[in-house]
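This briefing goes through a protein model by topic, taking its interior packing, its pockets and its enclosed spaces in turn. Please keep the sequence and the structure in view while reading.

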Amino acid sequence: MEAGSFLMGNDRALPDALLSPSCFRHGDFDERPVHRVTITRPFHLAECQVTNAQYEMFDPAHRELRGKLGFSTDDDEAVVFVSWHDAAAYCRWLSEREGSVFRLPAEAEWEYACRAGSSTPFASGDELPSGAAKNQRRTWFPDRFRTTGENVVPLHVGRTAANPWGLFDMHGNVEEWCLDWYGPYLEREASDPTGPPEGDFRVTRGGSHSTEAYYLRSCNRAAALPEERNWLIGFRVVCADYPVPARPARKAPVELHGINVLQTTAPEAPVADEAPLFRGPVRYVHVPPGSYGPLFSTHNHDPAICQCPNGDLLAIWYSCVEEPGRELGILASRLRAGTDSWEPASVFWDAPDRNDHAPALLCDGGRVYHFNGMSAAATWGPLRTILRTSDDSGATWSPARFINAEHGPRQMPIAAAFTLRDGTLVLPCDAVSIGAGGTALWMSADGGETWRDAGGTIAGIHASAVELADGRLLAFGRGDEVDGTLAMSVSADRGKTWQYSSSPFPPIGGSQRLVLKRVRGTCHAGTDPILLISFANAPADADDAFTVEDGGGRRGVSGMFCAVSFDDGQTWPFHRPVSDGGPGRVIEAMDGIPCTMGPENAEINGYLTACQSADCRIQLITSSNHYSFNLPWLVQR
């Protein structure tokens with residue numbers, strides 16, 4: 001590859017044939033600003049991706065991974081199931097063997113070589129090179145619940161036409177690890193750029209089999225955790241000295257939720273019988289209309305919340321055009337202690353071109369834990385769970401790391417993490433990608449260092465669980481109803497096995513998730529109660545309406561309601577709608593859906609999550625709104 005310059009990125013309109021509902025007319029936001037890049041020195045780039053035979057000269061044990069999930073069996077197929085660290089180690093081995101510098105390509109070098117002088121989506125024009133398409137569609141593979149059609153394709157290298165500079169498989173076959181940490185384009189012009197000095201993700205380029213052609217464009221950017229090993233990513237090598245940027249790379253700017261975070265401690269309020277208090281709904285999702293990446297005004301859903309050690313409330317959720325899309329990422333907003341308004345949304349965590357489904361938060365002592373699913377590509381079927389931690393109230397975070405070994409089921413976090421009395425951290429995770437099939441519990445007895453699946457399955461997805469006074473676990477989830485009611489699951493062996501029975505509560509459905517948690521309070525019988533927040537879907541005046549009892553007798557309610565138990569779930573004497581009880585009025589629920597709030601009606605949908613703040617108030621958020629109330633309000637008749 002001779003030295004030269006090119007325009008890196010894209011802001012041109014793309015052909016209709018490359019677009020799907022979650023693909024964008026002018027490419028992804030991270031392909032801009034388009035900027036001129038100069039490669040000042042020539043370099044050699046391998047014609048083909050590294051093959052099994054080549055890689056296994058360095059690591060013979062990799063032969064055991066040939067054919068995993070059906071992929072890459074032959075000597076001349078691209079090697080897969082290799083991490084960035086594996087690829088970098090191969091380059092070091094090859095350098096020692098050959099006496100020359102071998103390394104991974106810098107991202108700018110890769111795009112320069114892929115374009116081969118072109119400015120079109122592919123070096124071949126507006127369409128993929130002939131024969132390059134290998135299952136170019138969004139798939140759920142290997143999710144056994146949703147996988148359809150042919151998914152395993154051959155990965156032989158060099159079987160299609162080379163680009164004008166003699167390089168094969170630059171568009172597809174497998175993604176390719178690059179040298180750089182991923183970061184936004186910050187420079188209008190650059191020479192020999194190498195990305196930011198640190199980050200969570202290493203860049204991958206070129207796209208792969210089993211994904212839409214949009215993501216195989218020359219300028220498309222993806223990235224993954226450097227520990228990632230899957231059936232989509234391989235690499236090719238450069239023979240050249242390491243590039244020396246003309247200017248040092250800069251760190252990405254700090255997002256709003258991480259700016260000026262005070263390092264104080266939230267005052268612990270005495271638990272007292274204060275007057276009933278209820279506030280809400282207050283909108284916490286503030287995304288500018290028309291936002292199309294990395295904030296999306298189209299769909300904001302699936303939140304998590306915690307109170308940070310400094311007293312701030314931190315809410316996170318996913319934002320996207322389509323829930324299975326690769327564009328889905330995690331946003332955040334902060335309600336700073338002593339203020340009344342949630343801040344505008346900002347980017348919290350976003351693995352580029354990976355579906356980052358299902359965030360969760362937990363504050364345990366002075367540490368905040370962030371859990372998230374990370375897909376191998378699109379969809380929430382093949383997830384692995386990542387963990388980050390913060391010891392400064394969410395101002396900064398540790399690098400993300402996987403807490404389980406493989407992509408697969410039972411690993412989609414639910415925003416219901418909690419701590420057992422002995423200090424064990426518990427993270428509920430959906431066991432399946434569909435609407436029924438249950439919830440798993442992942443547990444850590446060493447502060448989050450290592451995790452294990454407890455083994456059993458709660459009835460219902462999106463479940464929440466609590467520890468009872470005798471050490472058993474109680475859980476409720478969505479789907480898998482028992483006798484037409486919300487299924488109640490109880491485990492006497494810390495989640496290894498579960499017993500299922502009916503409950504007093506109606507089942508819930510799509511776009512709904514409940515809350516179950518132990519809360520502090522002494523306003524009744526001196527016992528810390530269990531709080532359930534769920535939905536009643538029948539109209540308040542229907543014969544099968546869910547009923548609550550107050551001073552005026554029993555009445556039907558519809559929408560979001562609370563129930564409180566002071567005897568570890570044996571009885572639930574207190575119920576009420578999550579409403580201020582004022583005159584009926586229209587409010588907006590998830591994505592602007594209108595619903596009525598009044599004495600018998602409350603918000604009709606949303607994924608619920610809640611924490612209890614230091615002042616003992618319940619901080620509840622739906623997919624759009626924030627509510628705050630205390631235990632005296634919950635139990636008043």
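Which residues have the most contacts inside the largest nonpolar core? They are Phe235, Leu314, Trp349 and Met374, and the core to which they belong has 75 residues. The model is a predicted one, and the points below describe its cores, a buried helix, an open sheet, its pockets and its cavities.

**Nonpolar cores**

- Helix H2, which spans residues 84-98, contributes six residues to the largest core, and this is the largest share of it.
- Phe235, one of the residues with the most contacts inside that core, touches a mixed set of partners once its neighbours within four places in sequence are left aside; among them are Val50, Tyr55, Val79, Val82, Tyr90, Leu104 and Trp177, together with Gln49, Glu175 and Glu176.
- A second core, separate from the largest one, consists of 47 residues and includes Phe505, Phe561, Val564 and Cys595.

**Helix H3**

- Helix H3 (residues 107-115) is largely enclosed by the rest of the structure, because nine of its nine residues are buried, that is, under 20% relative accessible area.
- The buried residues of H3 include the charged side chains of Glu107, Glu109, Glu111 and Arg115, as well as Trp110, Tyr112 and Cys114.
- Directly after H3 comes Ala116, which has a positive phi, near 50°.

**An open sheet**

- Four strands form an open sheet in the order E16-E17-E18-E19, and their pairing is antiparallel.
- E16 and strand E19 (401-402) are the edge strands of this sheet, each pairing on one side only.
- Strand E18, covering residues 383-390, is joined to E19 over two bridges in the antiparallel sense, and here Ile386 stands opposite Phe402 in E19.

**Pockets**

- The largest pocket holds about 1300 Å³ of space, and of the 43 residues that line it, Gly199, Ala252, Pro253, Glu255 and Phe348 are the closest to its centre.
- Strand E15 (residues 346-349) gives the most to the lining of the largest pocket, with three residues, while by class that lining divides into 23 nonpolar, seven polar and 13 charged residues.
- The second largest pocket holds about 1000 Å³ and is lined by 38 residues, with Leu362, Cys363, Lys517, Arg520 and Gln612 nearest its centre.
- Several strands each supply at least two residues of the lining of the second largest pocket, including strand E12 (299-307), strand E16 (359-364), strand E25 (461-467) and strand E39 (609-612).
- The lining of the second largest pocket is made up of 22 nonpolar, eight polar and eight charged residues.

**Cavities**

- Five cavities of 30 Å³ or more are counted in the model.
- The largest cavity contains about 360 Å³ of space, and Leu186, Glu187, Pro193, Thr194 and Gly195 are the closest to its centre among the 25 residues that line it.
- H3, strand E5 (175-181) and strand E6 (189-191) each supply at least two residues of the lining of the largest cavity, which divides by class into 14 nonpolar, five polar and six charged residues.
- The second largest cavity contains about 110 Å³; of its 17 lining residues, Thr139, Phe141, Ser210, Leu232 and Ala377 are the closest to its centre.
- In the lining of the second largest cavity there are eight nonpolar, six polar and three charged residues.

Terms used
Residues numbered from 1 in each chain as written. Predicted model: local features only at pLDDT ≥ 70, side-chain atom pairs only at ≥ 80, totals over all residues. Heavy atoms only, no water. 1 Å grid on protein atoms, 1.4 Å probe; cavity = no way out; pocket = protein on both sides within 12 Å on 5 of 7 lines; lining within 4 Å. Points joined across faces, edges and corners; volume = space filled by probe spheres on them. Core = buried A, V, L, I, M, F, W, Y, C linked by side-chain atoms within 4.5 Å. Buried < 20%, exposed > 50% of the residue type's maximum accessible area, 1.4 Å probe, protein only. Contact = heavy atoms within 4.5 Å. Pairing = 2+ DSSP bridges.
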